[in-house]
Amino acid sequence: MVYQFSNSGTNMATTIASVHLLFLVIMTSGLPFHKAASIETEKVALLKLKQGLLDPSHRLSSWVGDDCCKWRGVVCSNRTGHVIKLNLRSLEDDGIDCKFGGEISHSLLDLKYLNYLDLNMNNFEGTKIPKFIGSLERLRYLNLSAASFSGRIPPQLGNLSRLIYLDLKEYFDLNAYSDESSQNDLQWISCLYSLRHLNLEGANLRIASAYWLQAVSMLPSLSELHLSSCGLSLLPPSLPSSNLTSLSVLVLSNNGFNSTIPRWLFQLRNLVHLDLSFDKLGGSILNAFPSRTSLEKLKKMGSLCKLKTVILSENDLNGEITELIDVLSGCNNSSLEHLNLGFNKLGGVLPNSKGNLYNLQSLLLWENSFVGSIPNSIGNLSNLKELYLSNNQMSGTIPETLGQLNELVAVDVSENSWEGLFCPIPAGRIPTGNQLQALDDPSIYSDNAALTAA
């Protein structure tokens, strides 16, 4: 018997494979079309944006032709070709005639892959920040600082959950700043979980004074916080949570806190830069530390040893700084570079341990009540560039070791009680070593009747 095998199963398999192949060809051939159509939409969106902007210096004259990725300020992804970055910032020296103005078009919403938008230093003449910017869900960088907007910060910006960098510094039109409509709350920032850099300098946050710290404490990744000149009136004595463990830069200057320095400030383990100038802070500078033991404990924790910049000038702080300097200088490798305690009511002598702050570049202690002389150990500060000790009650001789500081470019020791009139040798004379020979302005030594220049 001869058996006949049917090939119907084979034909069916071949047919199915052909259909799959045809479907794949259709889909693949369509991809370039869809991609091109998407990118064409982005080009049209940019042209609409250009049409709405005032461009007195014709900075967008390059926005012509088919390839928008070659246009000035536009950056596209090397992988997909989509527009991902729009840099339309102006420079400080561009002048008013070079700044963009006019209207920001809704067409920005057609830039679906945009993750970077910079409109810094432009002049939108008091128009409000567009609410629709809060719908650019891929944004990771947003800079609208000094762009002359007005009104409140739109809470819709709180929808930008991927945002890492937000700068609204002086976003407002100065002519409209005093208007009550410019008062902002901070409830909208609570969902910006990825935020690392927040600058709201100059924004009117008076109505957020009671809860601003609680609001920013909701941001676990925050490393830089700039809230100077925001009209804040309350500096809370304690942290509502421990979420600010990543904070390295804290600028709260020129607010009206009218309080003492809270202890939690120096318990931020990664703090590098602290600015509390012009804040009406009072009491002893050591109020932030309940005891010498706590100072030593903070040092061991590393909370003080990472500090590079401490600015507490223009306040009403009193007390001595000896213990604080002793602890700062006792770090295995003190990072402190800038210490500004000027224009306070601080007193006591400058400790010899100050000479162990080897990285110190500027020491500003003017307009206080310090007494005694400059310690000889100042000669160890080989990186020191600025030394301001004017308007204190210091006396004695200016040490010759000051002349060893090769980096020193600015000195003011005027209006103290230095000694040394007619002394024939260095003991009471102004050091003239190295670059100090060029510091011949008599005003920096003025009102020291017993001091003679070498």
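Here is a short chat about reading salt bridges in this predicted model.

Student: What lets side chains pair up in a salt bridge at all?

Tutor: Side chains of opposite charge can pair when their charged atoms come close. In this model, a search of the whole structure turns up four salt bridges.

Student: Let's take Lys-43 and Glu-40. What is their N to O distance, and how are they placed in helix 1?

Tutor: Their side chains meet in a salt bridge at 3.6 Å, N to O. Both sit in helix 1 (residues 8–52), three residues apart, so about one helical turn separates them. Lys-43 counts as buried, at 11% relative accessibility, while Glu-40 is partly exposed at 39%.

Student: Which other salt bridge does Lys-43 make, with Asp-66 on the far end?

Tutor: That one has an N to O distance of 3.5 Å. Asp-66 lies in the loop between strand 1 (53–54) and strand 2 (74–76), and Lys-43 is in helix 1, so this pair ties together parts 23 residues apart in sequence. Asp-66 is exposed, with a relative accessible area of 71%.

Student: And Glu-201 with Lys-169: where do the two residues lie?

Tutor: Their closest N and O atoms are 3.9 Å apart. Glu-201 is in the loop between strand 8 (197–199) and helix 2 (212–216), and Lys-169 in the loop between strand 7 (165–167) and strand 8, so the pair ties together parts 32 residues apart in sequence. Glu-201 counts as buried at 18%, Lys-169 as partly exposed at 30%.

Student: Which residues do shared partners join into one network?

Tutor: Glu-40, Lys-43 and Asp-66.

How values were computed: Residues numbered from 1 in each chain as written. Predicted model: local features only at pLDDT ≥ 70, side-chain atom pairs only at ≥ 80, totals over all residues. Heavy atoms only, no water. Helix = DSSP H or I, 4+ residues; strand = E, 2+ residues; numbered from the N terminus. Buried < 20%, exposed > 50% of the residue type's maximum accessible area, 1.4 Å probe, protein only.
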